[in-house]
Amino acid sequence: MHGDLKYGPDFTHFDYVNPEAPKGGTLRVSVRSNSFDSFNPFIVKGVSGAGVSRLYESLTVHSEDEAFSEYGLIAEKILLPEDRSWVSFELNPKARFSDGKQITAEDVKYSFEMLTTHERAQPFYAAYYGDVNEVVIDNPLKVTFKFKDNKNKELPLILGQMPILAKHYWETKGFGSASLDIQVGNGAYVVSKVDPGRSITYKRNPDYWAQDLPVAKGKHNFDQIIYEYYSDNTVALEAFKAGEYDFRTESTARNWATQYEGKLFETGELIKEEVKHERPSGMQAFVLNSRRPTLSNSQVRHALSFAFDFEWTNQNLFHSQYQRTSSYFENSELASSGLPEGEELEILSRYKEQLPTEVFEKEFTVPTTAKPSSLRKNLRAAMKLLDEAGFPVKDGKRLDKNGKPLELEFLMFQKDFERVIQPFIKNLQRLGITSRISVVDTTQYINRLREFDFDVIVSSIPQSNSPGNEQREFWHSSKVDQPGSRNYAGINSPVIDELIELVISAPTRASLIQRTRALDRVLLWGHYVIPNWFNPVDRVAYRNTLAHPEVSPKSGVYIDAWWSKNAQ
């Protein structure tokens with residue numbers, strides 16, 4: 001994206017893989033979900049099966065130890081002018097679908113058209129590739145994307161990330177259909193067995209066309225990968241310790257501190273490991289749906305943040321394993337801090353009349369209870385904000401302008417978070433706010449998210465070291481009313497819209513950092529979320545039959561480079 005590539009034209013493999021890793025064996029992993037009913041992850045209909053992305057390759061491959069670099073995969077050559085106003089991909093003539101048919105420029109164009117224009121396609125794609133003006137087939141193995149202008153500097157790279165679909169298959173099947181039919185893909189794996197609602201087995205395609213390319217060396221080492229479904233996290237953990245699957249990432253601090261012990265860990269049959277990473281942690285948070293009349297008021301949203309006691313939660317529930325999140329780009333140089341200065345200040349000053357004065361005069365901080373009596377002080381601050389916003393208290397109930405009680409619903413599909421939310425609800429009660437937790441099944445949860453039918457959810461908003469077009473999907477006003485978009489908070493701000501475009505068009509890395517910090521600061525002062533926490537390590541546990549390279553990429557655990565010792 002900016003600067004030079006790490007790997008030159010003669011590189012033989014990525015540094016974070018073992019090119020001599022043996023092929024063979026089975027990897028069994030768990031999925032915490034109720035069920036699945038589709039192998040089509042590209043549409044808003046249905047619940048996709050875990051691991052389905054393994055069926056598809058893209059034009060390029062992302063390097064896991066660079067901020068944003070792409071290397072050719074289906075594309076053998078990539079051509080673009082210095083101003084990045086278009087990009088051409090020349091396809092590898094050896095590239096094949098799983099049924100043996102050659103991948104052509106027709107397939108690339110068809111993939112783009114289906115993903116960006118089909119009425120059932122995930123809306124993410126239309127936003128991500130919205131600056132493409134025309135797709136031209138130059139010859140059977142060459143396709144050119146012409147852009148509306150040359151402002152979107154990352155567009156040539158993210159077009160390389162587009163999954164390539166088999167036109168001959170989907171034209172017959174119907175792109176908008178959701179089913180468990182075995183699909184024609186082009187990846188290293190194909191589906192070999194499906195037990196609906198319980199498990200999916202993928203097998204390595206022995207005829208995988210890219211297996212000898214440098215970008216694929218040392219990867220895709222397991223002959224089989226099996227995803228086992230568990231609706232309950234406690235059951236899933238016990239199943240791991242009983243040997244029912246091989247690899248597990250742990251997101252619950254209490255489990256990590258208390259459950260990963262015993263004879264199998266003492267003998268080394270099970271291994272517990274923390275792997276440091278350098279990726280931005282993004283924003284895990286209580287997301288407040290500002291489409292709701294009550295939550296459309298920023299003072300109300302701000303007030304709610306004072307009722308969440310992170311310090312108590314971290315100490316009593318998480319064994320003090322986490323750090324508080326205070327940026328949408330946490331754990332990276334992209335995060336804003338202090339007061340704006342330099343280029344960031346210059347950018348924000350353009351919108352001074354449209355932004356809260358605090359953006360320029362106060363450092364953004366999340367409420368804390370680190371000092372004694374801090375919670376009481378925080379709740380008093382919340383009460384003041386609610387009073388100023390026109391939500392008085394009567395008979396112990398906080399009322400809106402119509403005299404109706406202020407009530408909140410926390411929507412969830414897993415019960416794990418209840419122990420975090422319950423103390424939060426008690427603090428909200430002290431403010432006169434009645435709250436409840438609604439736990440629904442996965443399908444209902446997804447459907448309600450797609451229709452923005454919720455007050456509060458817990459969501460993770462991921463970020464990379466090179467933010468760009470995906471920011472439109474998260475925050476842009478054009479996504480407020482688009483079912484299935486990821487603008488869960490309902491952000492509708494002309495300033496944020498313009499800051500997103502500035503991020504996308506950043507000409508240098510230095511400029512990208514300053515523009516992203518400006519976006520981060522405005523998002524924070526909008527109080528659209530109540531930040532949770534992050535962990536600078538990945539917590540993984542696995543059977544001693546698995547092995548991984550000595551070097552982990554900056555992105556953290558990279559399971560595609562692991563292998564089975566049994567394969568030796």
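Let me begin with a contact between side chains, that of R279 and D538, which meet in a salt bridge with 2.5 Å from N to O. R279 sits in the loop between strand 12 (270-276) and strand 13 (283-288), whereas D538 belongs to strand 22 (residues 537-543), so the pair ties together parts that are 259 residues apart in sequence. Please keep in mind throughout that this is a predicted model. As for the surroundings of the two partners, R279 is partly exposed, with a relative accessible area of 28%, while D538, at 14%, is buried.

The structure holds 23 salt bridges, and I would like to go through a few others. R509 forms one with E333, where the closest N and O atoms are 2.9 Å apart. Here R509 is part of helix 17 and E333 of the loop between strand 14 (323-324) and helix 10 (342-349), so this pair ties together parts that are 176 residues apart in sequence. R509 is partly exposed, with a relative accessible area of 22%, and E333, at 41% relative accessibility, also counts as partly exposed. Then there is E250, which forms a salt bridge with R248, the closest N and O atoms being 3.0 Å apart; in this case E250 is buried, and R248 is buried as well. Finally, a network of salt bridges links R292, E409, R436, R448, D453 and D455.

Since R509 brought us to helix 17, let me stay there for a moment. How far apart are the end C-alpha atoms of helix 17? They are 25 Å apart, and as the 17 residues of the helix (residues 509-525) should span 24 Å at 1.5 Å a residue, the two values agree. Of those 17 residues, 14 are buried, so helix 17 is largely enclosed by the rest of the structure. Just after the helix, H527 takes a positive phi of about 55°.

I turn now to the strands. Strand 17 (residues 407-412) has five of its six residues buried, so this strand, too, is largely enclosed by the rest of the structure. Six bridges join strand 17 to strand 18 (residues 434-439), and the two run parallel, with E407 standing opposite T434 of strand 18. Between these strands the chain passes through helix 13 (residues 418-430), and the resulting β-α-β crossover is right-handed. Strand 17 is also joined by two bridges to strand 19 (residues 456-461), again in a parallel arrangement, and L411 has I457 of strand 19 as its bridge partner.

An antiparallel pairing is found for strand 4 (residues 75-79) and strand 5 (residues 86-91), which are joined by four bridges, and K77 stands opposite E90 in strand 5. The hairpin that they form has six residues between the strands, and in this hairpin R84 takes a positive phi near 60°.

Let me end with the nonpolar cores. Which members of the largest nonpolar core, with its 78 residues, touch the most other members? They are Y129, F145, L159 and F175. Helix 1 (residues 105-117) contributes the largest share of this core, namely six residues. If we leave aside residues up to four places away in sequence, F175 touches residues including F42, I43, Y110, M114, L165 and W170. Apart from this core lies another, of 45 residues, and among them are V359, V503, I504 and Y528.

Terms used
Residues are numbered from 1 along each chain as its sequence is written. This is a predicted model: local features need pLDDT of at least 70, side-chain atom pairs count only at pLDDT 80 or more; totals for chains, interfaces and linings use all residues. Side-chain values use heavy atoms; hydrogens and water are left out. Buried means under 20% relative accessible area, exposed over 50%, partly exposed in between (1.4 Å probe, protein chains only). Two strands pair if DSSP finds at least two bridges between them. A crossover is right-handed if, with the strands pointing away from the viewer, the path from the first strand over the helix to the second runs clockwise. The expected span of a helix is 1.5 Å times one less than its number of residues. A nonpolar core is a set of buried Ala, Val, Leu, Ile, Met, Phe, Trp, Tyr and Cys residues joined through side-chain atoms within 4.5 Å. Contact means heavy atoms within 4.5 Å. A salt bridge is a side-chain nitrogen of Lys or Arg within 4 Å of a carboxyl oxygen of Asp or Glu.
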